[in-house]
Amino acid sequence: MAEHAGQDGKPVELAVYDFDGTCITGNSPVLLVRHLLLHRKLRLAPGIGIGFWALFYKLQLPQNESWVRSQVFRAFDGMPRQEADVYLRGFYDEVIEKRFRPAADSSMRSHAADGKVVVVVSASWDAIVARALERHPFEYQVSTRMVVDERGCYTRQVDGLPVEGEEKVAAITRFADRRFGAGRWRITDAYGDHHSDIPLLEMADHPHAVTPDNPLERRAKVAGWPVLDWEAREERAGYYTYG
């Protein structure tokens with residue numbers, strides 16, 4: 001992986017992307033729950049509870065992000081991390097890869113060609129986003145991790161906080177300070193689809209609202225941020241992510 005340092009005293013420039021709903025069509029945690037239920041890796045009762053969480057999330061109601069992740073990880077509780085990560089990587093290959101937006105790939109390549117460091121920051125799980133990193137033109141990822149016990153097995157406890165909302169700002173700041181040095185980086189471009197991405201977008205010189213929900217679209221119009229309809233681009237190109 002390439003080393004980065006500011007040139008002539010200038011800070012390292014980052015282009016930062018949300019994952020679910022921005023880089024991909026759909027929501028990977030919701031899709032993972034469907035996958036686990038279909039393959040009988042998750043019992044129906046927690047699946048129903050997670051379904052209500054997804055509904056409330058869609059309705060833009062406050063949610064306990066750590067709780068829902070603990071429910072999903074019932075499927076992996078006590079499983080060796082390596083074994084669970086293999087399953088999650090396979091889930092990405094089977095379900096998520098076909099949903100990765102060509103427009104996201106194109107945008108990332110353009111920023112990388114301009115010498116910017118491309119980073120994905122996501123509330124989804126580390127193993128899923130790390131698999132996407134192997135296949136797409138971003139260089140780093142910052143995502144939600146689960147606690148691993150002394151035996152090397154996953155627990156149902158989130159390691160810290162889910163990388164959602166204000167925590168995206170905190171997580172990208174910790175990452176960039178550690179990687180490039182405090183005060184030696186800045187976010188030039190940021191992309192998000194959900195109103196919870198607003199704190200991240202406000203960090204950027206050039207925020208972009210991608211196929212936004214209604215609150216983000218209103219905020220973008222007030223602030224004069226570009227609104228990008230990447231779903232429409234997929235339809236015009238004959239690219240289908242469902243099925």
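How many helices and strands does the secondary structure of the protein chain come to?

**View 1. The protein chain as a whole, seen in a predicted model.** The secondary structure of the protein chain comes to 10 helices and eight strands. Of the 243 residues in the protein chain, 52% are buried, and the surface that the protein chain exposes comes to about 11900 Å², with carbon and sulfur atoms supplying 51% of it. When contacts with a separation of 6 or more are considered, residues 24 or more positions apart account for 61% of them.

**View 2. The largest nonpolar core, with the elements that supply its residues.** This core has 39 residues, and those with the most contacts inside it are Tyr-17, Phe-19, Cys-23 and Phe-100. At least two residues each come from β1 (12-17), α1 (28-38), α4, α5, β2, α6 and β5 (154-158), and α4 gives the most, with six residues. A general tendency may help in reading this view: in soluble globular proteins, nonpolar side chains tend to be buried together.

**View 3. Cys-23 and the residues in contact with Cys-23.** Once its neighbours within four places in sequence are left aside, Cys-23 is in contact with Tyr-17, Asp-18, Arg-99, Phe-100, Arg-101, Ala-104, Met-108 and Val-120. Two of the residues in this list, Tyr-17 and Phe-100, are also named with Cys-23 among those with the most contacts inside the largest nonpolar core. Cys-23 is buried, because its relative accessible area of 0% falls under the 20% limit.

**View 4. A second, separate core.** This core has 25 residues, and among them are Val-12, Val-117, Val-121 and Phe-175.

**View 5. Salt bridges that link helix α4 with helix α6.** The side chains of Glu-134 and Arg-89 meet in a salt bridge, with 2.7 Å from N to O. Glu-134 belongs to helix α6 (residues 126-135) and Arg-89 to helix α4 (residues 81-96), so that this pair, 45 residues apart, links distant parts of the chain. Another salt bridge joins the side chains of Arg-135 and Asp-93, at 3.2 Å from N to O; Arg-135 lies in helix α6 and Asp-93 in helix α4, and therefore the pair ties together parts that are 42 residues apart in sequence. Partly exposed residues take part in both pairs: Glu-134 has a relative accessible area of 47% and Arg-89 one of 30%, while the value for Arg-135 is 41% and that for Asp-93 is 31%. These four residues, together with Arg-131, are linked in a network of salt bridges.

**View 6. A salt bridge between buried residues, Lys-116 and Asp-189.** The closest N and O atoms of Lys-116 and Asp-189 are 2.9 Å apart. Lys-116 sits in the loop between α5 (102-113) and β2 (117-125), whereas Asp-189 sits in strand β6 (residues 185-192), and the pair, 73 residues apart, links distant parts of the chain. Both residues are buried, whereas Glu-134, in the previous view, is partly exposed. Across the structure, the count comes to 16 salt bridges.

**View 7. Cysteines in a structure with zero disulfides.** In general, a disulfide is a covalent bond between the sulfur atoms of two cysteines. A search of the whole structure finds zero disulfides. Cys-153 has a relative accessible area of 7% and is buried, and Cys-23, already seen in the third view, is buried at 0%.

Conventions
Residues numbered from 1 in each chain as written. Predicted model: local features only at pLDDT ≥ 70, side-chain atom pairs only at ≥ 80, totals over all residues. Heavy atoms only, no water. Helix = DSSP H or I, 4+ residues; strand = E, 2+ residues; numbered from the N terminus. Buried < 20%, exposed > 50% of the residue type's maximum accessible area, 1.4 Å probe, protein only. Disulfide = S-S within 2.5 Å. Core = buried A, V, L, I, M, F, W, Y, C linked by side-chain atoms within 4.5 Å. Contact = heavy atoms within 4.5 Å. Areas by Shrake-Rupley, 256 points an atom, 1.4 Å probe, with all protein chains shown as cover.
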